[in-house]
Amino acid sequence: MSLRADLAAIAEAIAPDTRVLDIGCGDGALLANLRDTKQVDARGMEIDGTCVERCVAQGLSVVQGDANRDLADYPDKGFDYTVLSQTLQTATRPDLMLDQLLRVGRQAFVSFPNFAHWRTRSALMLGGRMPVTRAIPVSWYETPNIHHVTVKDFRELAREKGAKIEREWFFSGGKPVTGGTNWRAEFAVFQLSR
Amino acid sequence: MAGASRTLTLPNALPLDGGGELVDATLAFETYGELNEDRSNAILLCHALTGDQYVASPHPVTGKPGWWERMVGPGKPIDTNRYHVICANVIGSCMGSIGPASEASDGKPYAMRFPVITIRDMVRGLVALLDELEIETLHAVVGGSMGGMQALSLAANWPDRAARVLVIASTSRHSAQNIAFHELGRQAIMADPNWRQGDYYEAEDQPDAGLAVARMAAHITYLSEEALTEKFGRNLQDRDAKSFGFDADFQVESYLRYQGSGFTRRFDANSYLYITRAMDYFDLAEEHGGKLANAFAGTGARFCLVSFDSDWLYPTSESRHVVRALNAAGAAVSFVELSAPHGHDSFLLDVPALDRVVKGFIE
């Protein structure tokens, strides 16, 4: 099974034989890939019980938990990498979650839908309504995304947190984007260290 | 399916946490499936408070099917075509392993002369059994409820003996409420005049009334309010109107009485005292300097904890407490809270999600 574009970029960047914690790991696609192709000691956290059950049934080590609360249980630098894919914008406090990511992992990967993508901007500007696009497909009243973020905002947050951006990737329609990324990227992935 | 019934007397005295030791301790156990050549496919199942070794074969007293037939057998989640499953009656119990009803060296039953034991003592007995069976490392140790406590104790105290540790609907310590319910049961037994300070084995009348009350009280804690309401509601038992007396007017009363009296036919009252005491004494953190994470420091085993949303006896928060400690210790741990309506007893009942989790984790 092929990985979603942001996960494929993360999987490619992760070194073999390392320890990885995937926060909000869903059905465990990234974890299974890392375990099977890079001999990674892959662990996950996921809030949805059905997803966790599916992960455990594949032999993955996944804990049902709420990243807003339960990341605090992990020791400092217990992992080589932490991964937060398309979950930051659902966090109660994305800034505090970024702190936890960088505390628990030596490096952190964060991917998110870019709210400044031109489709989102035009939906709001021209339509006058909260955008519903292929990147953020759920209506305002039922979306789990409570903290929309743009590429610019994230760079600013990383700077404030003293996090160094090691690498970055941008995608639109599953294809890489270069240049004008705050306009053109539907999704962004950052690799950070501190 | 047929299990292989065996008994084995431990060659060495078994030291106990309370001081003292058990000499010539006999353990009765069942095995299912073949042990492979390199002795690496053994799974130790640990039974609950009133459970026994008859996991997947008929109970010799009641004739009822084994207590985990739905989970253990050929092609089942714990597949006996692939794994050699061992389940031993714990020490202190009454289905063939040494306990208060066993003969002491003077030829009389131990009764209350039996030493007070702990969960770790039970596990020490199981580890001694594994030594005798020449099984160095278990593929997995698996247990629900008190069985889960044993699995955790084995992982903490004999960390090299199991590669996988599966703990279902259990806890790392007995709460005040857990102890309170057990004390209620013990007092019911000890208040029965037929209990005779534990020396009832020769007597005609047994402390059945007390033991039945203990079982009735405990049985309520194994179910959820939702399950009781669903099953019985306020329905009357074999009558159209209330009797204005103290017969079992309600179905739920009749059910509890049936559970209580059925239990007395297969369980020893003194064993109930000793095993509940062992559970009440259980506090894995206390054994390890007050910090649960210490209990699992450096463990190489993979862990899986499962709780049920309707279990108020060992609620999800207890499993989370263990998971937190395992995470702090850097252990490989999975945890899931499954949705099931049956309360604590969910681990024994039809919960397909549990089957999938058990199968996935064991493989």
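This passage describes the domains of chain B, a buried helix and the core around it, and a helix contact between chains A and B. The model is predicted, so that local features need pLDDT of at least 70 and side-chain atom pairs count only at pLDDT 80 or more, while totals for chains, interfaces and linings use all residues. Residues are numbered from 1 along each chain as its sequence is written, with chains lettered from A and ligands numbered from 1 in the order in which they are written.

Chain B is assigned domain 1 (4-174 + 285-362) and domain 2 (178-276), the bounds coming from an automatic or database domain assignment. The centres of the two domains, taken over C-alpha atoms, are separated by 25 Å, and their contact takes 24 residues from domain 1 and 22 residues from domain 2 (two residues are in contact if their C-beta atoms, placed from the backbone, lie within 7 Å).

In chain B, helix 2 (residues 146-157; helices are DSSP runs of H or I with at least four residues, numbered from the N terminus) is largely enclosed by the rest of the structure, because 11 of its 12 residues are buried (20 or more other C-beta atoms within 10 Å of the residue's own, C-beta atoms being placed from the backbone). Among the buried residues of this helix is B:A151, and B:L166 touches B:A151 as well as B:A140, B:V142, B:C304, B:V358 and B:F361, residues up to four places away in sequence not being counted.

Between the chains, B:F361 is also one of the residues of helix 11 of chain B that meet A:E53, A:V56 and A:A57 in helix 3 of chain A.

How values were computed. Helix = DSSP H or I, 4+ residues; strand = E, 2+ residues; numbered from the N terminus.
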